[in-house]
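This report covers a helix pair, one further helix and two loop residues. The sequence and the model come first.

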Amino acid sequence: MRAPRLLALTATGTLALTACGGGESVDTGGGGGGGDNVLVAAVSAQPDQLDPHVTTAYASFQVLENVYDTLVVPDPEDLTMQPSLATEWSTSEDDLEWRFTLRDGVTFHDGSEFDSADVVYSYNRIIDEELSNSFRFQNVESVEADGPDTVVIRLTQPTPNLLERIGSFKGMAILPENAAEDLDLTTEANGTGPFELESSDASSTVLAAYEDYWGGAPSIDGVEFRYITEPAAALTALQNGEVQWTDNVPPQQIESLDDDDSVELETTSSVDYWYMSMNYARPPFDNRDVRRAISFAIDREAVAEAAWFGAAEENQTAIPEDSFFYYDYEPFDRDPEQARQLLAQAGVSTPLTMGLMVTDEYPETVTAAQVIADQLSEVGIEVEIETLDFATWLDRQGAGDYDAFYLGWLGNLDPAAFYQEQHQTDGPNNYQGYSNPQVDQLLQQGATETDDAARKAIYDQAATIIVDDVSYLYLYNPDVVQAWAPGLSGYQIRADKAINFENVELP
């Protein structure tokens with residue numbers, strides 16, 4: 001997913017958000033391991049790298065959330081933007097200038113002082129090098145310092161979601177000036193967050209508490225992120241006391257764990273969505289009727305149940321029901337006969353073979369893909385499921401080497417994060433190659449509209465076209481599911497799946 005993600009997943013995130021997790025070993029040369037006051041967290045994948053401005057992997061952001069800060073940060077309760085490295089901000093009457101006052105007394109992990117030059121450097125690095133989040137600055141004319149404690153962002157047009165753009169996840173982290181020249185950011189880190197990087201290798205990533213953290217030193221001495229791909233193994237490690245926290249909970253055991261005294265389990269609605277997408281550069285998936293046929297052939301409720309065993313809500317649009325921007329639009333009730341008619345109308349002879357990429361680092365995608373394959377076989381489409389490690393999955397997605405893929409976007413907050421970069425022509429995460437001038441116009445309007453009701457109407461129109469065209473075939477919105485050791489306190493589960501351990505106390 002993306003982290004964004006994700007994936008948007010978000011993805012959220014993203015996307016996040018572009019997707020979540022995976023990669024090759026990152027060796028920073030340190031040692032590490034759990035101690036009496038070190039939290040051991042079981043996660044499903046290792047970081048692909050540690051440069052927050054470059055990575056799109058959720059597994060990286062699980063770590064980086066605890067190492068870096070942004071100017072503003074989502075409130076854990078309602079995800080509204082709150083002060084972080086910026087203590088306050090104001091806008092001009094024409095909404096084209098934002099002024100941020102920076103926090104005093106902040107230092108990076110190497111002891112150097114934080115000031116406006118670090119913000120200007122970080123943002124201009126993303127813009128000038130066209131890094132993975134440069135689209136977040138598409139309305140930015142300039143980023144300048146006005147003294148050491150003030151940053152001024154000037155815009156080409158009103159951008160009502162600017163705070164979300166710069167604060168929704170650690171892909172917008174503030175690095176020290178010249179960090180990319182002074183460090184190998186793929187394997188090294190120097191942030192202002194509550195923990196500093198100690199080591200990272202093929203088995204775990206270890207963080208140590210930063211005693212001079214501006215928010216106060218953490219109560220624990222550090223965090224060890226241990227990679228346990230198999231959910232059942234992660235749960236067993238939690239129950240045996242080998243780890244104290246995990247987000248890798250077997251979906252089929254969620255209900256039974258409610259009565260299990262060996263773990264504390266919490267769930268909450270997420271801001272993620274999971275989806276399929278087909279490659280517009282590969283016939284016949286460039287044909288709208290073929291994509292619509294596939295959408296009519298799929299039973300989303302059955303897919304959601306196979307993936308999350310009741311911990312997900314089927315949805316034919318991206319934004320979940322709890323959001324103000326949710327749009328109740330469901331044009332694709334399962335209709336195999338309609339699917340067959342559309343395939344015939346498109347001139348497609350069956351059986352049609354379709355490859356479907358999934359990743360074993362998110363085992364629910366493998367399980368649900370079997371359900372999708374069975375459903376599509378009823379209309380003459382033979383699905384060849386390709387189960388890949390996530391690094392390979394990302395590489396093939398980026399190269400356009402697929403018929404179709406299935407994943408999610410994590411951590412989406414603003415409606416633009418759900419739709420814009422994924423469906424705008426030449427959008428940075430528009431891997432499927434979708435292009436519709438009307439959608440482009442609507443997404444641009446939504447990005448500049450300052451009234452929420454008017455924005456919702458615009459995004460509702462865009463979503464209608466995106467869903468009808470099957471740019472993404474939306475499937476469901478999952479819950480966030482996490483578990484930890486009884487007696488662990490200070491941890492807060494979040495709808496955006498950000499994992500922050502700064503306030504944790506071990507039993």
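Helix 12 and helix 14 lie oblique to each other, a class for angles that are not roughly parallel (under 35 degrees), roughly antiparallel (over 145) or roughly perpendicular (65 to 115). Helices (H or I, at least four residues) and strands (E, at least two) are DSSP runs numbered from the N terminus. The model is predicted: local features need pLDDT of at least 70 and side-chain atom pairs count only at pLDDT 80 or more, while totals for chains, interfaces and linings use all residues. Residues are numbered from 1 along each chain as its sequence is written, and side-chain values use heavy atoms, with hydrogens and water left out.

**Helix pair**

The axes of helix 12 (residues 415–423) and helix 14 (residues 452–469) cross at roughly 40° and come within 11 Å. Axes are lines fitted to C-alpha atoms, for helices over the stretch in contact, and angles run from 0 to 180 degrees between N-to-C directions. The crossing of helix 12 past helix 14 is left-handed, that is, the near helix is turned anticlockwise from the far one by less than a right angle. Helix 12 contributes P415, A416, Y419 and H423 to the contact, and helix 14 contributes R455, Y459, A463 and I466. Contact means heavy atoms within 4.5 Å. By type, the residues of this contact are 6 nonpolar, 1 polar and 1 charged; Ala, Val, Leu, Ile, Met, Phe, Trp, Tyr, Cys and Pro count as nonpolar, Asp, Glu, Lys and Arg as charged, and the others, Gly among them, as polar.

**Helix 9**

P336, A339, L342 and L343 of helix 9 (residues 336–345) are buried, where buried means under 20% relative accessible area, exposed over 50% and partly exposed in between (1.4 Å probe, protein chains only). They are on the same side of helix 9 because they cover an arc of only 120° around the axis, taken from the directions from the helix axis to the C-beta atoms. The face turned away from the buried side carries the exposed residues A344 and Q345. Helix 7 (288–297) and strand 17 (381–388) are among the elements covering the buried residues of helix 9. After helix 9 comes G347, with a positive phi near 75°.

**Two loop residues**

| Residue | Loop between | Relative accessibility |
|---|---|---|
| T70 | helix 1 (58–64) and strand 3 (72–74) | 0%, buried |
| Y402 | helix 11 (390–399) and strand 18 (404–409) | 0%, buried |

Beyond neighbours within four places in sequence, T70 is in contact with residues including S84, L85, I166 and F169. With the same neighbours left aside, the contacts of Y402 include S277, M278, R282, M357 and Y431.
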